[in-house]
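This report describes the principal pocket of a protein and the fold around that pocket. The sequence and structure are shown first.

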Amino acid sequence: MTRVRLTELKRVDEVPAVIREKFILTGYRPVGLSVADMIRSCTTWMSNETLNVWTHLIPAIYFFMRTWDFYREMMNSDDAMLHLLLVIVAFSIGTVLLTSSVAHCFNCWSPRGRHTCFYCDYGAIGFYSVCTGMAHYYYSGPLPSDDPTPTGQWLIGTGVFRPAVFVPLQFATHTVALVLSAMTRHHWRSVCYLVRTVNYVLAFFINIMPMVARYCVSTNSIFRTTSLDFYIWQALWNVAAAIANVSKVPERLYPGKFDTVGHSHQWMHVFVTLSIASELNGIQLDLQLRQDEYAYKLDPLWVLGLLISFTVISILLILYFRGRLQKNGNLKATGEHTKSS
């Protein structure tokens with residue numbers, strides 16, 4: 001593909017349908033930019049993608065710094081393996097934010113390249129979700145020492161929260177979420193934002209099942225006054241992100257007024273980042289308060305094996321969907337489609 005130079009930003013009627021966003025009328029980068037121009041467009045030009053890049057790139061740097069801090073704490077701990085999952089969770093957060101930032105930076109490479117960028121984005125979301133789901137299981141789930149009610153004793157006794165049951169369940173859930181999100185780039189076009197949002201909302205509820213069960217069945221007041229506050233904020237920020245992603249407000253109300261600053265996707269990035277930060281703080285606090293109880297349950301080989309398996313499956317799915325683009329030509333891939341996160 002012949003590369004073009006970035007000399008000016010385009011209007012919506014000057015770019016292919018695959019690049020267009022609902023209610024965004026200006027600030028588009030032309031398709032076919034060089035790598036250097038795509039990077040330059042996010043540093044020296046104010047396109048409609050510039051803040052999409054920076055609203056996740058800056059937090060990504062912050063979370064990688066926290067990953068390093070957690071790693072140092074882990075190496076100085078008497079039980080380093082217990083802290084391993086917290087390090088992995090922080091790393092997965094930095095990874096998903098960085099992947100989103102890169103996807104928004106390079107999504108005007110070509111129609112095929114745009115879709116591939118967001119396939120990778122969905123894969124990174126899945127990786128982060130699997131990591132945090134396991135953290136909720138190991139650090140935040142119910143235990144007999146929580147002094148459960150009779151209902152809680154029954155729930156724990158069902159075995160649904162055994163590693164061999166719950167962890168594969170959330171593993172499968174996030175794999176399906178990746179597949180459905182990738183499919184929305186070529187199917188269900190009129191409701192693609194809604195499908196993706198519902199998709200990840202359901203995955204979120206699977207992830208927090210252990211924490212919710214712990215709250216519902218436990219009579220231990222410590223949980224109710226500590227990490228629960230962080231999880232409530234996480235849920236509220238997620239609701240705000242979902243509303244922004246589906247409603248397309250404010251640009252729906254004032255098309256063309258929020259093309260470069262203040263449109264809904266930027267607000268969704270901010271809300272998602274705040275939600276993730278709240279979640280990480282809650283997970284960290286649960287680890288600190290309950291590490292003596294949970295140490296015997298955390299199997300590093302089991303955790304790493306699942307993460308490696310999910311990563312391999314995600315890569316294979318991304319290659320499969322990209323292969324379909326190559327097989328079908330530049331598309332059906334050039335249908336009007338959208339950002340991811």
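## Residues around the largest pocket

In this predicted model, the lining of the largest pocket is made up of 32 residues. Those nearest the centre of the pocket are Ile-125, Tyr-200, Val-201, Asn-238 and Val-272. The space in the largest pocket amounts to about 680 Å³.

By residue class, the lining of the largest pocket contains 16 nonpolar residues, 13 polar residues and three charged residues.

## Helices that supply the lining

Five helices are listed here by their residue ranges: α3 (80-106), α4 (111-140), α7 (192-207), α10 (227-247) and α11 (264-294). Each of these contributes at least two residues to the lining of the largest pocket.

Helix α7 provides the largest share of this lining, with eight residues.

## Overall fold

The secondary structure of the protein consists of twelve helices and zero strands. Along the sequence, the order of elements is accordingly written α-α-α-α-α-α-α-α-α-α-α-α.

Among contacts in the protein with a separation of 6 or more, 80% join residues that are 24 or more positions apart.

## Burial and surface

The protein has 341 residues, and 52% of them are buried. The area exposed by the protein is about 15,100 Å². Carbon and sulfur atoms account for 68% of that exposed area.

Methods. Residues numbered from 1 in each chain as written. Predicted model: local features only at pLDDT ≥ 70, side-chain atom pairs only at ≥ 80, totals over all residues. Heavy atoms only, no water. 1 Å grid on protein atoms, 1.4 Å probe; cavity = no way out; pocket = protein on both sides within 12 Å on 5 of 7 lines; lining within 4 Å. Points joined across faces, edges and corners; volume = space filled by probe spheres on them. Helix = DSSP H or I, 4+ residues; strand = E, 2+ residues; numbered from the N terminus. Nonpolar A, V, L, I, M, F, W, Y, C, P; charged D, E, K, R; others polar. Buried < 20%, exposed > 50% of the residue type's maximum accessible area, 1.4 Å probe, protein only. Contact = heavy atoms within 4.5 Å. Areas by Shrake-Rupley, 256 points an atom, 1.4 Å probe, with all protein chains shown as cover.
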